[in-house]
Amino acid sequence: MSVSRDISGLFKWFGGAPESYQEMPRDDIRFADEPAQFVEPVRSPVAPDTTPPLPPLCNLAAMPAPSNAGEGASDVWSAQGLQGRLARLRGEATPQPSAAVPSRIVAVVSAKGGVGKTTLSANFAVALQRQGHSVLAFDLDPQNALQHHFKLTQAMTSGLAESSLRDWRERCVSSESGVLLLPYGDVSEEQRLQFEQQLIDEPDYLARRLAAMHLPSASVVMLDTPPGPSVYLRQALSVATDVLVVTLTDAASYTALSKIEGLIKTYAQARQQAPDVSFLINQVDESRQLSREIKQIYQELLGTQILGTVSQDEAISHALACNCNALEYAPDGVGSQDILGCSRVLQRRFAATLQAV
Ligand SMILES: Nc1ncnc2c1ncn2[C@@H]1O[C@H](COP(=O)(O)OP(=O)(O)OP(=O)(O)O)[C@@H](O)[C@H]1O
Ligand SMILES: [Mg+2]
């Protein structure tokens, strides 16, 4: 291509009149059709150069050390890192950096079925959201029932168990209460088995997937689990910071406590930091002697490990019949008031950690 065509092309791109172009005489310009001439550079003796060398364009060793303890070297140049620095420059409050894992992961568990895990997971999620946390209600149970405790505009069929799903955030739905919900999903038997195999093969699967969600640092995840031993319970206990054991005031629930204690020990033993374990006594009926007595025995045996008690309250099961949680369905009901009281205790238990983030 000739130089003049090159020039008129450039003027076309950037605007201007090619006639106004003036070429500056340069001795060292050489065109492609001119033969290259190798000229030996003149090496005249010069005084040693004392100017400091230019810094390399990207010297990783010389990169600024992160000023924020929570900020890794690779985060320094991230969009969040920039936002934080801009905010500091402008004297604003620094936005909280996203934590790799949320601050609190509460696994709601039991050895015996039907004790109220799903009901309490949903209601605690709503209560904690009202108390100012960002809450993710996470259904790790193939029953896929957690969603029935939230008012949703449409039933959710997809969820976390779909193996094709790369980003769990895509399947989260926001409920009226503000709680983010991740359903298990209405998957085929084949998909369920595939998912469970993945959980068996990758013991840190849940931890990795939760970390990849980049939930806000002060968030709380309520993990609903199926009863008894399962791959789901094992995954939940490998990542939970808090384990909430739900039990009833009947003989079957009483004797099942040793089973869940054993499972917690087995599944959480490989962890460096053991989760905090507390107990919730659900469906207490003060009008029944056995209920009162078993509650008393629990109190004697478990003491301060008991988070609280929730009364037997018909409004709680009626709420479920209306696809709703008890706090929204019957806010002044005894069950709702008990749940709110327990959630305040739960919040106090992890307030110190959340503030430290
Ligand atoms: N405090 C309560 N008062 C009255 N009914 C309750 C209470 N807690 C839970 N229920 C009812 O008990 C039933 C079982 O509750 P839920 O499904 O939450 O138990 P679960 O432990 O999750 O069961 P599963 O082990 O099958 O997952 C539901 O009908 C629910 O409405
Ligand atoms: Mg359940």
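A polar contact is a pair of N or O atoms within 3.5 Å. The model analysed here is predicted. In this model, a polar side-chain atom of threonine 119 lies 2.5 Å from an oxygen atom of ligand 1. Glycine 114 contributes through its backbone: one of its polar backbone atoms is 2.9 Å from an oxygen atom of the ligand. A nitrogen atom of ligand 1 is also engaged, at 3.0 Å from an N or O atom in the side chain of asparagine 282. Ligand 1 exposes 640 Å² when taken alone, and the protein buries 82% of that area.

Ligand 1 occupies the second largest pocket. Its surroundings comprise 18 residues, of which Gly114, Gly116, Lys117, Thr118 and Thr119 come nearest. By class, the shell divides into 11 polar, 4 nonpolar and 3 charged residues.

Several secondary-structure elements build this shell. Two helices, H3 (117–130) and H9 (314–321), and two strands, S7 (276–284) and S8 (306–311), each supply at least two of its residues. The largest share comes from H3, with 3 residues.

Helix H3 also carries asparagine 123. Asparagine 123 has a relative accessibility of 1% and therefore counts as buried, the limit being under 20%. A polar atom of the asparagine 123 side chain lies 3.3 Å from the backbone nitrogen of leucine 327. Helix H3 thus appears in two settings: in the shell around ligand 1, and as the location of the buried asparagine 123.

Conventions: Residues numbered from 1 in each chain as written. Chains lettered and ligands numbered in written order. Predicted model: local features only at pLDDT ≥ 70, side-chain atom pairs only at ≥ 80, totals over all residues. Heavy atoms only, no water. Near = heavy atom within 4 Å. Polar contact = N/O pair within 3.5 Å; in protein donor to acceptor, adjacent residues only side chain to side chain. Areas by Shrake-Rupley, 256 points an atom, 1.4 Å probe, with all protein chains shown as cover. 1 Å grid on protein atoms, 1.4 Å probe; cavity = no way out; pocket = protein on both sides within 12 Å on 5 of 7 lines; lining within 4 Å. Sits in = over half its atoms within 2 Å of the grid points. Helix = DSSP H or I, 4+ residues; strand = E, 2+ residues; numbered from the N terminus. Nonpolar A, V, L, I, M, F, W, Y, C, P; charged D, E, K, R; others polar. Buried < 20%, exposed > 50% of the residue type's maximum accessible area, 1.4 Å probe, protein only.
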